[in-house]
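Student: I have a structure to go through and I'd like to talk about it. Can we start with the pockets?

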Amino acid sequence: MNTYGDRGNVAALTNRARWRGIDVDWHPVEIGEPAPEQADLIFMGGGQDRVQHSVAADLEERHEWLARTVADGGVLFAVCAGLQLLGRRYVAADGSELPGLGLVDMETVAAGPGEWRLIGNVVAEVPSPDGPNILAGFENHGGRTYLGDVRPLGRVLCGRGNNGRDGGEGVRDGTILATYLHGPVLPKNAWLADELLRMALRHAGHDQPLPGLDDRFEDAAQAEAVAAGRREHAQRDNVCRRLLTHGPFRRTSG
């Protein structure tokens, strides 16, 4: 699954590793193809509904491998449809269910009648021991994801997030990290790319600090994404204030 340039996340991880003298060996796995016996980091991108349904059956056959990798400390990073498939199930608008992997305590429900897709720029705050990080990107999903006994990756400052209601964005459960944000998300959030690399290196037996990089371009990309999110947030607030003050817009006949 590679909607909205999610393969750019692979490029970001590869380049940020190689700039530090670390070689990354990727194994693309298509439907029906064998996966490597051991993996330090697994990436699942986003995809449209029909692709998601096709991939779901293939992933179910890989459930044991995925669960074993995560239990051993391997990293699993997923975006959008990849996030949804990590949960217990996806409930379609017609009430039918697509079983998920059950790796994370959550489920996704398709938008109901009168509900819109959640589309737009998102800015979220992600806690860390060294202080909060900013996560910025673009969301476009009809499904509403509800978390169980797990915590979101971040808290929405601008945008809608997992379901447009509870303020959560993505999910983090041990070495599983997932987000609804495209863009792709990692080139404009260098701290998250480095966090994934650190976790993967730790699993590979190399638990050491990563040398710093010149992130001026990455910081500028994030700043632009944050500014876009704030502009959209302000526009929505203005519309809401106008509706509250003047009531809904009506056409008049003359």
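Student: What volume does the second largest pocket have?

Tutor: About 350 Å³. A pocket here is an open set of points on a 1 Å grid over the protein atoms alone, where a 1.4 Å probe fits, with protein on both sides within 12 Å along at least five of seven lines. Grid points are joined across faces, edges and corners, and the volume is the space filled by probe spheres set on the points. This is a predicted model: local features need pLDDT of at least 70, side-chain atom pairs count only at pLDDT 80 or more, and totals for chains, interfaces and linings use all residues. Residues are numbered from 1 along each chain as its sequence is written, and side-chain values use heavy atoms, with hydrogens and water left out.

Student: Which residues are closest to its centre?

Tutor: Ser128, Asn133, Trp191, Glu195 and Arg198, out of 15 that line the second largest pocket. A lining residue has an atom within 4 Å of a point.

Student: Which helix gives the largest share of that lining?

Tutor: α5, with five residues. Helices are DSSP runs of H or I with at least four residues, strands are runs of E with at least two, and both are numbered from the N terminus.

Student: And what about the largest pocket, how much space is in there?

Tutor: About 1,400 Å³. Among its 44 lining residues, Trp26, His27, Leu41, Ile42 and Phe43 are the closest to the centre.

Student: What classes are in that lining?

Tutor: The largest pocket is lined by 26 nonpolar, eight polar and 10 charged residues. Ala, Val, Leu, Ile, Met, Phe, Trp, Tyr, Cys and Pro count as nonpolar, Asp, Glu, Lys and Arg as charged, and the others, Gly among them, as polar.

Student: New topic. In what order do the strands of the open sheet come?

Tutor: β4-β3-β5-β8, with mixed pairing. Two strands pair if DSSP finds at least two bridges between them.

Student: Why is one side of β4 and of β8 left without a neighbour?

Tutor: Both stand at the edges of the sheet, so each has a single partner strand.

Student: Which way do β5 and β8 run, parallel or antiparallel?

Tutor: Antiparallel, joined by four bridges. β3 and β5, by contrast, pair in the parallel sense over two bridges.

Student: What are the bridge partners of valine 109?

Tutor: Valine 91 pairs with valine 109 of β5, and valine 109 also has arginine 144 in β8 as a bridge partner.
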